[in-house]
Each structure stands twice: as structure tokens, then as C-alpha cells.
Amino acid sequence: MKKTSSFISLFVAVAVFACMNLAVAAGDLTGQDPVEVKVRLGDEKGALRFFPDQLEFETGRLYKLVLHNPSTMKHYFSSEGLSRAVFTRKAQVLGADGSTIAEIKGQIREIEVYPGGTAEWWFVPVKTGTLKDLNCSIAGHAEGGMTGTITIK
Ligand SMILES: [Cu+2]
């Protein structure tokens, strides 16, 4: 009788522990519906800026960062800090009609978007912090104001 009850206690303890683990695990975070965030690289008048230049993300959520370049020159979206703070699911290059023409897997550090072009960076932030290294790495652009701050909460 004593042996049976201690066996039951052990079984209950193991079952409770297993359930706790299930309750804590969030599963595959890359399978969520993405939160879309749009950033324009420059503008039609030739401004050297990101619009917006302050970005905010939360850890554990899937983001689709849509980078569009409406200007007549090439621009980069470059942040070493962001590349180290996220898990990248994929990057996508969009054609003129908005359809996906290329999908890139692996870690991304910077994306160069050509005039009129659009690229998407799908990622899940895994680390909090304030990243002040967003910039366009084309000579003179960061100095001209093409910088930004990324906050991950
Ligand atoms: Cu630029």
C-alpha cells in the first residue's frame, strides 16, 4: 500500500513536471503570423534618411521588415547589432509586381536595395537592447544623416 502510494506520488510529480514544461515551451516562433514593419530607404527627393529612423521590436515575435527604396540611388539597411540580436527566418527579394523572386536563408547583416526595389527581412528578435548602428554604408550617406536606432524590448 505504501509502495503503491509513493509510486503514485512519483507518477503525479513526473506528470506535473511534464505539463509545466509544455506550458513554458512556446514552440516554433518562426511559424507565427508576422508583424509587418515598413521602412523606406531615402525618398523621391534624395533625402539621406530612413523613414522611420527609430524602430522598435519585441523579442519572441516574428517580424516582416519591408525595406523599400523609392529614391533614384542605391541604399543599404545595415546593422551589425540587429544581425546579432535576431534569428533570421529568411530574406526575400520582391519583383516589380510585388511577387517574391528570391528567398535567401541564413544570417543577414545588411541588405542593399536598388532604386525602386523592395526586400523583406523576416526575423525573430532573441535579445533586448538599444542598437545605434543602423546606417547606410554607401560613402557619405551615414554622414549625411542616413542612420537610425533600433530598440528591442
Ligand atoms: Cu544610402
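**Exercise 1. Place Gly144 in the predicted model and state how exposed this residue is.**

Step 1. Gly144 sits in the loop that runs between β10 and β11.

Step 2. The relative accessible area of Gly144 is 46%. Buried requires under 20% and exposed requires over 50%, so Gly144 is partly exposed.

Step 3. For a neighbour from elsewhere in the chain, take Arg49. The C-alpha atoms of Gly144 and Arg49 are 8.1 Å apart in space, although 95 residues separate the two in sequence.

**Exercise 2. Identify the residues that coordinate the copper ion, and describe where His75 and Cys136 lie.**

Step 1. List the donors. They are ND1 of His75, SG of Cys136 and ND1 of His141, at 2.0 to 2.2 Å from the copper ion.

Step 2. Write the spacing of the donor residues in sequence: H-x60-C-x4-H.

Step 3. Assign elements to the pair His75 and Cys136. His75 belongs to strand β5 (residues 75-78), while Cys136 is in the loop between β10 (129-135) and β11 (147-152). The two are 61 residues apart, and the pair links distant parts of the chain.

Step 4. Check burial. His75 and Cys136 are both buried. Gly144, which is in the loop between β10 and β11, is partly exposed.

**Exercise 3. Describe the chain as a whole: its elements, its burial and its contacts.**

Step 1. Count the elements. The chain has 2 helices and 11 strands.

Step 2. Put them in order. Along the sequence the pattern reads α-β-β-β-β-β-α-β-β-β-β-β-β.

Step 3. Consider burial. The chain has 153 residues, and 36% of them count as buried.

Step 4. Consider the surface. About 9,000 Å² is exposed by the chain, with 58% of that area supplied by carbon and sulfur atoms.

Step 5. Consider contact range. Take the contacts between residues at least 6 apart in sequence: 76% of these join residues at least 24 apart.

**Exercise 4. How many salt bridges does the whole structure hold, and what does the one between Glu36 and Lys64 connect?**

Step 1. The search of the whole structure gives 9 salt bridges.

Step 2. One of them is formed by the side chains of Glu36 and Lys64, at 3.1 Å from N to O.

Step 3. Glu36 is in strand β1 (residues 35-41) and Lys64 is in strand β4 (residues 63-68), so this salt bridge ties together parts that are 28 residues apart in sequence.

Step 4. Compare the environments of the partners. Glu36 has a relative accessibility of 42% and counts as partly exposed, whereas Lys64, at 16%, counts as buried.

**Exercise 5. Analyse the salt bridges Glu80 to Arg84 and Lys105 to Glu103, then name the residues of a salt-bridge network.**

Step 1. In the bridge between Glu80 and Arg84, the closest N and O atoms are 3.1 Å apart.

Step 2. Both residues are in helix α2 (residues 80-85), 4 residues apart, which means that about one helical turn separates them.

Step 3. Glu80 is partly exposed at 33% relative accessibility, and Arg84 is exposed at 58%.

Step 4. Lys105 and Glu103 form a salt bridge with the closest N and O atoms 3.2 Å apart. Lys105 is exposed, with a relative accessible area of 56%, while Glu103 is partly exposed at 43% relative accessibility.

Step 5. Salt bridges with shared partners join Glu36, Lys38 and Lys64 into one network.

Notes. Residues are numbered from 1 along each chain as its sequence is written. This is a predicted model: local features need pLDDT of at least 70, side-chain atom pairs count only at pLDDT 80 or more; totals for chains, interfaces and linings use all residues. Side-chain values use heavy atoms; hydrogens and water are left out. Donors are N, O and S atoms within 2.8 Å of the metal (3.2 Å for Na, K and Ca); water is not among the atoms, so sites may look incomplete. Buried means under 20% relative accessible area, exposed over 50%, partly exposed in between (1.4 Å probe, protein chains only). Contact means heavy atoms within 4.5 Å. Accessible areas come from the Shrake-Rupley method with a 1.4 Å probe; for residues, only the protein chains shown count as cover. A salt bridge is a side-chain nitrogen of Lys or Arg within 4 Å of a carboxyl oxygen of Asp or Glu.
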